[in-house]
Amino acid sequence: MLTHLAAAVAVLGLLTVVPGPDMVVVTRRTLAAGSRDALRTVGGITTGLLVWGVLTAAGLSAVLAASPAAYLAVRLLGAAYLVFLGAQALRQHRPGASAPVADPPGPTAASAWRTGLLCNLFNPKIAVFYAGLLPALAPPRLPAAWAKALLVLLHVSLTLVWLGCYVLLISRTRHVLERPGVRRTLGRATGVVLIGFGVLVTVAA
């Protein structure tokens with residue numbers, strides 16, 4: 001069982017560290033509003049994973065994975081949201097725009113959390129992964145429901161640790177990243193990458 005669980009952790013860890021839209025969104029929030037705001041975004045992302053875990057337990061993610069129309073609808077919503085975030089970043093860092101300032105306190109906490117949540121909820125590949133791969137990774141000696149719950153919690157924990165460390169790393173170098181030229185270049189780059197992810201989500205099979 002321990003060997004099976006170690007293999008599952010390795011696969012979940014690989015899924016976690018591979019760069020994707022979540023990491024780009026966290027980068028943007030860190031540069032725009034600081035580490036606290038970015039950690040709230042990480043909280044939204046992990047909440048999204050928990051939601052997908054509950055949907056998987058209820059069998060809804062399997063329905064989504066098996067329904068081309070439903071999968072396409074969620075995929076297009078996710079692509080539209082990523083393109084929206086990318087366009088927002090490009091607009092904020094367009095030539096001639098004033099230097100972006102950190103978001104004001106107060107509503108930004110909910111906004112940061114909501115950004116992470118929506119970015120994850122509109123990622124149907126998480127549903128496909130949970131519905132298709134989790135059963136294969138589940139330790140065979142545990143009841144299926146408990147095994148899936150354990151793997152979802154492991155994935156959430158790995159995501160929290162990985163993205164939390166990533167936020168701290170960016171924060172440590174923020175004095176360099178906040179230079180106007182560097183900030184503008186990174187802002188445009190994250191915008192382009194987010195739009196690129198949106199396009200990839202649209203055309204992906």
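**Exercise 1. Describe how α3 and α9 pack, starting from the angle and the distance between their axes.**

Step 1. In this predicted model, the axes of α3 and α9 lie 10 Å apart and form an angle of about 165°.

Step 2. Angles over 145 degrees count as roughly antiparallel, and α3 and α9 are therefore roughly antiparallel to each other.

Step 3. The handedness completes the geometry, and the crossing of α3 and α9 is right-handed.

Step 4. On the side of α3, the contact is made by S35, A38, L39, V42, I45, T46, L49, L50, G53 and T56, while α9 brings K148, V152, L153, H155, V156, T159, L160, L163, G164, V167 and S171.

Step 5. Sorted by class, the residues in this contact of α3 with α9 are 12 nonpolar, eight polar and one charged.

**Exercise 2. Work out which orientation α1 and α9 have to each other, and which residues make their contact.**

Step 1. Helix α1 covers residues 2–17 and helix α9 covers residues 144–172; their axes are 9 Å apart, and the two helices pack at an angle of about 45°.

Step 2. An angle of this kind falls outside the ranges for roughly parallel, roughly perpendicular and roughly antiparallel, and α1 and α9 are therefore oblique to each other.

Step 3. The crossing in which α1 passes α9 is right-handed.

Step 4. From α1, the residues that make the contact are L5, A8, V9, L12, G13, L15, T16 and V17, and from α9 they are L150, L151, L154, H155, L158, T159 and W162.

Step 5. By class, this contact of α1 with α9 contains 11 nonpolar and four polar residues, with no charged ones.

**Exercise 3. Repeat the analysis for α2 and α3, and find how many charged residues their contact has.**

Step 1. Helix α2 runs over residues 21–33 and helix α3 over residues 35–58; their axes come within 7 Å and cross at roughly 155°.

Step 2. With the cut-off for roughly antiparallel set at over 145 degrees, the conclusion is that α2 and α3 are therefore roughly antiparallel to each other.

Step 3. The crossing of α2 and α3 is right-handed.

Step 4. The contact is built from D22, V25, V26, R29, T30 and A33 of α2, together with S35, D37, A38, T41, V42 and I45 of α3.

Step 5. In the contact of α2 with α3 there are three charged residues, besides six nonpolar and three polar ones.

**Exercise 4. Decide whether M23 and R28 are buried or exposed, and list what each of them touches.**

Step 1. M23 lies in helix α2, and R28 lies in helix α2 as well.

Step 2. Buried means under 20% relative accessible area; M23 has 13% and is therefore buried, and R28, at 11%, counts as buried too.

Step 3. Not counting residues up to four places away in sequence, M23 touches V17, W162, L163 and Y166.

Step 4. When its neighbours within four places in sequence are likewise left aside, R28 is in contact with L85, Q88, A89, Q92 and L194.

Step 5. As a further step for M23, its C-alpha atom is separated by 9.9 Å from that of G116, although the two residues are 93 residues apart along the chain.

**Exercise 5. Find where R184 lies and how far it is from Q92 in sequence and in space.**

Step 1. R184 belongs to helix α11, which spans residues 180–203.

Step 2. With a relative accessible area of 30%, R184 is partly exposed.

Step 3. R184 and Q92 are 92 residues apart in sequence, and their C-alpha atoms are 8.8 Å apart in space.

**Exercise 6. Place these details in the chain as a whole: how many helices, strands and disulfides are there?**

Step 1. The chain has 11 helices and zero strands.

Step 2. Of its 205 residues, 40% count as buried.

Step 3. Among the contacts with a separation of 6 or more, 85% are between residues 24 or more positions apart.

Step 4. The structure holds zero disulfides; as for its cysteines, C119 counts as buried at 6% relative accessibility, whereas C165, at 47%, counts as partly exposed.

Conventions
Residues numbered from 1 in each chain as written. Predicted model: local features only at pLDDT ≥ 70, side-chain atom pairs only at ≥ 80, totals over all residues. Heavy atoms only, no water. Axes fitted to C-alpha atoms, helices over the stretch in contact; angles between N-to-C directions. Helix = DSSP H or I, 4+ residues; strand = E, 2+ residues; numbered from the N terminus. Parallel < 35°, antiparallel > 145°, perpendicular 65-115°, else oblique. Left-handed = near helix turned anticlockwise from the far one by under 90°. Contact = heavy atoms within 4.5 Å. Nonpolar A, V, L, I, M, F, W, Y, C, P; charged D, E, K, R; others polar. Disulfide = S-S within 2.5 Å. Buried < 20%, exposed > 50% of the residue type's maximum accessible area, 1.4 Å probe, protein only.
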